[in-house]
Amino acid sequence: MRTPRTLVAALSVGALLSLAGCGTTKWNVPDPADARITGFDWKAAPDAAKVAAQGADLTTYGLPDDWAGYGEVIASFCAAHKAACARTSTKMSSLEEIQLFDAEQETAVGTAGDIGLLWGPVAEAKGVVPDYLPRGADGLKDWQRGRRGGWVATFAGSIAFVVNTNKVKHPPKSWADLLKPEYKGMIAIRDPREYGTGQYMLIAAAIANGGAVNDLGPGYDFFARLKRAGNLSTGPLNKTALKSGASPIQIDFDFSGIAQRAKARTYKIKVVIPSDGSVWGPSGLMINRYNTAKADFLKSFMDYVLSDKAQIQFATAGARPIRYLNGDLKLPGRARKSWLPARSYAPVREIDITRIDAERLGREWESRVLAEGT
């Protein structure tokens, strides 16, 4: 299989994002009557009798086991349907997932992927998700699901600072703190041109610095200042870099930090919600329109991620189930055990990320942040 990074080089980010160039009101959604899937009814209810056979083996993108407890969610679904679910999962960005679904359409390989919600409308515009709305989707807000289906919000995390306190003795408490000279070369981030995590990060920083969803300028300015100060790390945002100290401060979701903190044995992790502002960043599940051979499995799994059981599993892993945030789910106390204290989330706001122009975001990140100092 081609590697995701090779595809990113081959397929222009700008070309894909240009589908979303006018915001969410002018998507050029392809006609579902496509030669590759003509006569296939994605809207039909899934046939439960076919789930086990279709789930014998799976290839997923951006759905690692430790991502908000997806390993347990998938395992419990497969067990309920007596499906073997021998799974290959590749970590990648939301952009890379969409590109791979599109590139493999003649011989579909991928089945499902986790995406930041700004990428849901992009996936629709690219035509890689089907017209299927799962059970429970009618309880979601309009911006938390595909207009014709194919993707739904599943859970959310708050943008946080995940800090290795063995390497950083005085963890930052706010976005303003990140500018301190003591954090030179320490701070790792996700690229907002590719990752939902990076997009929510940018929005949170913008709001904390006086901006808004429709005014991300203060966010670009903030990261340009971080770059000028030399505080951005040249190392990656991952567990290895966090542990080694190559990137001992990582701007990530709280649930990711919570999961890493629970497993850390030789070092300590502190998860900090910035006191000057953060946002809830919903993730979503999208399924591959071209993988009709596994359609019943995929539609059933979309139904499952919005069920009480799966939503509670996401909560147990440290994430906020989307139905809980919407006031549509009561959680047992045990499911909230790993969460940070409630007072930590006082600065966190909910935003509709699909109001953002994806192409403009990528263009301005390049011109106002990446070009800084070049």
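Author: Buried means under 20% relative accessible area, exposed means over 50%, and partly exposed is in between (1.4 Å probe, protein chains only). This is a predicted model, where local features need pLDDT of at least 70 and side-chain atom pairs count only at pLDDT 80 or more, while totals for chains, interfaces and linings use all residues. Residues are numbered from 1 along each chain as its sequence is written, and side-chain values use heavy atoms, leaving out hydrogens and water.

Reader: Happy to dive in! Is Ser247 buried or exposed?

Author: Look in the loop between α9 (239-244) and β6 (249-253), where Ser247 lies; helices (H or I, at least four residues) and strands (E, at least two) are DSSP runs, numbered from the N terminus. Leaving aside residues up to four places away in sequence, Ser247 touches Met186, Ala188, Ser233, Gly235, Pro236, Ala241 and Leu242, a contact being heavy atoms within 4.5 Å. The relative accessibility of Ser247 is 0%, so Ser247 counts as buried.

Reader: What share of the chain's residues count as buried?

Author: The chain folds into 14 helices and ten strands. Among contacts between residues at least 6 apart in sequence, 78% join residues at least 24 apart. Of the 374 residues, the buried share is 57%.

Reader: How is α7 oriented to α8?

Author: Helix α7 (residues 196-208) packs on helix α8 (residues 217-229) at about 100°, with the axes 7 Å apart. Axes are lines fitted to C-alpha atoms, for helices over the stretch in contact, and angles run from 0 to 180 degrees between N-to-C directions. Under 35 degrees counts as roughly parallel, over 145 as roughly antiparallel, 65 to 115 as roughly perpendicular and the rest as oblique. α7 is therefore roughly perpendicular to α8.

Reader: Nice. How many residues of that contact are nonpolar?

Author: α7 brings Met201, Leu202, Ala205 and Ala206, and α8 brings Pro218, Gly219, Tyr220, Phe222 and Phe223. Ala, Val, Leu, Ile, Met, Phe, Trp, Tyr, Cys and Pro count as nonpolar, Asp, Glu, Lys and Arg as charged, and the others, Gly among them, as polar. With one polar and no charged residue in the contact, the nonpolar count is eight.

Reader: Now the loop between α4 and β2: is Cys85 there buried or exposed?

Author: That loop also holds Lys82, which has a positive phi of about 55° without being a glycine and counts as exposed because its relative accessibility is 75%. Cys85 has a positive phi too, near 50°. With a relative accessible area of 11%, Cys85 is buried.
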